[in-house]
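Visitor: Before we look at anything in detail, could you take me through this structure slowly and explain the reason behind each term you use?

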Amino acid sequence: MFNLPRGTRDFTPEEMEKRRYVEHHMASTIKSFGYREIQTPTFETLELFTAKSGDAIIDELYSFKDKGGRDLALRPELTAPVMRFYVEKLQMEPKPLKLFYFGNCFRYDRPQKGRYREFQQMGCELIGTSTTEALAELIALAYYAIKNTGLKNIDIRIGNLDFLNQQFKTCLSEYYPAGANEVFRLIDKEDFNELHNQFDNYGIPEEKQKKFLGFLGSNNINDLKKYIQVKDLKRYEEIISILKNDYGISKIKIEMKIARGLDYYKGLVFEIDAPILGAEKQLCGGGEYDLVEQFGGTDVSTSGFALGFDRTILALETENYTFPSYDIEVYIIPVNETTIRKSIEIAKNLRKEGILTDMDLLRRGIGKSLKYANSKNAKKVIIIGPEELEKNSVVVKDMKSGEQEIIKISNLINKLKNN
Ligand code: AMP
């Protein structure tokens, strides 16, 4: 007996059907916004991920040396790989460039519900524009990609790292010579007790603490005006206005506590939650970021988001969403060995018509086969016996009503499609 590695999962046929269904819906929403799919390798050079985040990130990675002594890592996310791809091969493409991906990611996280060591992300990257309508479209897309799967309750929170940095500078920077990382990490973890402790330990004057925490608590534009100049607020305000008024998305919250764990974000940032999931409620995170120049490319505006696919499915299940079933439509039972070949021919013809058809492959009796068909939720069973075949007919049984009819083979497809 072998066990699954910690934090990984197997998926049953029923789970895979749900996953493919949700994936299909998400991809079609994303494509409807003009995005095109790309794929990058599952592992990359370790350096790609340490370049901006530093060596500390190695603790969170599955990294290894290959037989040639190269340092590699299983990807923990896909933005850095996509930007590497862009810099290598796609810089000359007409702008804006809209790319999406769907892939498995690996993090040496502590596993719990909604947090795994292997999980899937679907994400979008928008390259070559930072207009207000571009950012609003990106956030609207993330919202609809989730909403169109059928999930009812989601919230969007929109923050701004420029504002957060500005406030850090005016209130705290002289007390934090190592920079904002320590504070932002606590904000990102929502560990406000520890933040208060730190402020006290570092001897930050009450007034400055109050101002910084007041700013963090701002949840509307008027509040923000107390801390941020009107001219700096204009772009942020316009993006929110487009989302609310033009896209008609009402569930938007202004939130300055979004610090984003990753080190390359700047400017506008956003997160989308499914509150029904409790602790691991964050489905999606994104915003504006800088990576291209650092990867050796020509500076260009970039923004994007990554959406946790596994949590979206969990949220749908928690909301008791009814997923479509992929039960077989027709189950064919050859009554004895003499009718097997004809049964195969009929199955082939039904499948050609797109009818989901299965057939008894165990040569069991009618009773057992009917039981099996029932357990598979087959809608109809076709019983193929020698006597009916002589008259070019078969018996069709409706599994719900139990009714049986003798149908001419030439009329079978017509009968099954119209019933
Ligand atoms: P991030 O790249 O950390 O911004 O994550 C983007 C999204 O991926 C999150 O909002 C989660 O929905 C999902 N996610 C991140 N880490 C995990 C994990 N360990 N297991 C499952 N989903 C995750």
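Guide: Let us begin with a loop, keeping in mind that this is a predicted model: Asn320 is found in the loop between helix H11 (309-318) and strand E12 (330-334).

Visitor: What makes the phi of Asn320 worth pointing out?

Guide: The phi of Asn320 is near 60°, which is a positive value in a residue other than glycine.

Visitor: Which peptide bond is cis, and where does its proline lie?

Guide: The peptide bond that runs from Lys95 to Pro96 is cis, with omega near -5°, and Pro96 belongs to the loop between helix H3 (79-90) and strand E5 (97-106).

Visitor: How is the protein chain divided into domains?

Guide: The chain is divided into domain 1, covering 13-318, and domain 2, covering 330-418, and the C-alpha centres of these two domains lie 53 Å apart.

Visitor: Which residues are the closest to the ligand, and how many surround it?

Guide: There are 14 residues around the ligand, and the closest of them are Arg107, Asp109, Tyr116, Arg260 and Gln282. By class, this shell has five nonpolar, four polar and five charged residues.

Visitor: Why is the pair formed by Arg107 and the ligand called a polar contact?

Guide: The term asks for a pair of N or O atoms within 3.5 Å. An N or O atom in the side chain of Arg107 is 2.9 Å from an oxygen atom of the ligand, so this pair meets the cut-off and counts as a polar contact.

Visitor: What do Tyr116 and Gln282 bring to the ligand, side-chain or backbone atoms?

Guide: In Tyr116 a backbone N or O atom lies 2.8 Å from a nitrogen atom of the ligand, and in Gln282 a backbone N or O atom lies 2.7 Å from an oxygen atom of the ligand. Set against the cut-off of 3.5 Å, these pairs are therefore polar contacts too.

Visitor: How much of the ligand does the protein cover?

Guide: On its own the ligand has 480 Å² of accessible area, and the protein covers 92% of that area. The elements that give two or more residues to the shell are strand E6 (118-127), strand E10 (282-289) and strand E11 (302-308), and E10 gives the most, with three residues.

Visitor: What is the strand order in the sheet of eight strands, and why are E1 and E8 called its edges?

Guide: This open sheet has the order E1-E5-E6-E11-E10-E9-E7-E8, with mixed pairing. Strand E1 (36-37) and strand E8 (252-254) each have a single partner strand, so one side of each is left without a neighbour in the sheet, and they stand at the edges.

Visitor: How do you know that E7 and E8 pair?

Guide: Pairing requires at least two bridges between the strands. Three bridges join strand E7 (residues 155-160) to E8, so the requirement is met, and the two strands run parallel. Within this pair, Ile156 stands opposite Ile252 in E8.

Visitor: How are the strands arranged in the sheet of three strands?

Guide: The order of this open sheet is E2-E4-E3, with antiparallel pairing, and its edge strands are E2 (43-45) and E3 (63-65), each pairing on one side only. Neighbouring strands here are turned by 35° against each other on average, direction ignored. E2 and strand E4 (residues 71-74) pair over three bridges, and Glu44 stands opposite Ala73 in E4.

Visitor: What lies between E15 and E16 in their hairpin?

Guide: Five residues lie between E15 and E16, and Gly402 in the turn has a positive phi of about 85°. Strand E15 (residues 393-398) and strand E16 (residues 404-408) run antiparallel and are joined by five bridges, with Gln404 in E16 as the bridge partner of Lys397.

Methods: Residues numbered from 1 in each chain as written. Predicted model: local features only at pLDDT ≥ 70, side-chain atom pairs only at ≥ 80, totals over all residues. Heavy atoms only, no water. Near = heavy atom within 4 Å. Polar contact = N/O pair within 3.5 Å; in protein donor to acceptor, adjacent residues only side chain to side chain. Areas by Shrake-Rupley, 256 points an atom, 1.4 Å probe, with all protein chains shown as cover. Helix = DSSP H or I, 4+ residues; strand = E, 2+ residues; numbered from the N terminus. Nonpolar A, V, L, I, M, F, W, Y, C, P; charged D, E, K, R; others polar. Domains from an automatic or database assignment. Axes fitted to C-alpha atoms, helices over the stretch in contact; angles between N-to-C directions.
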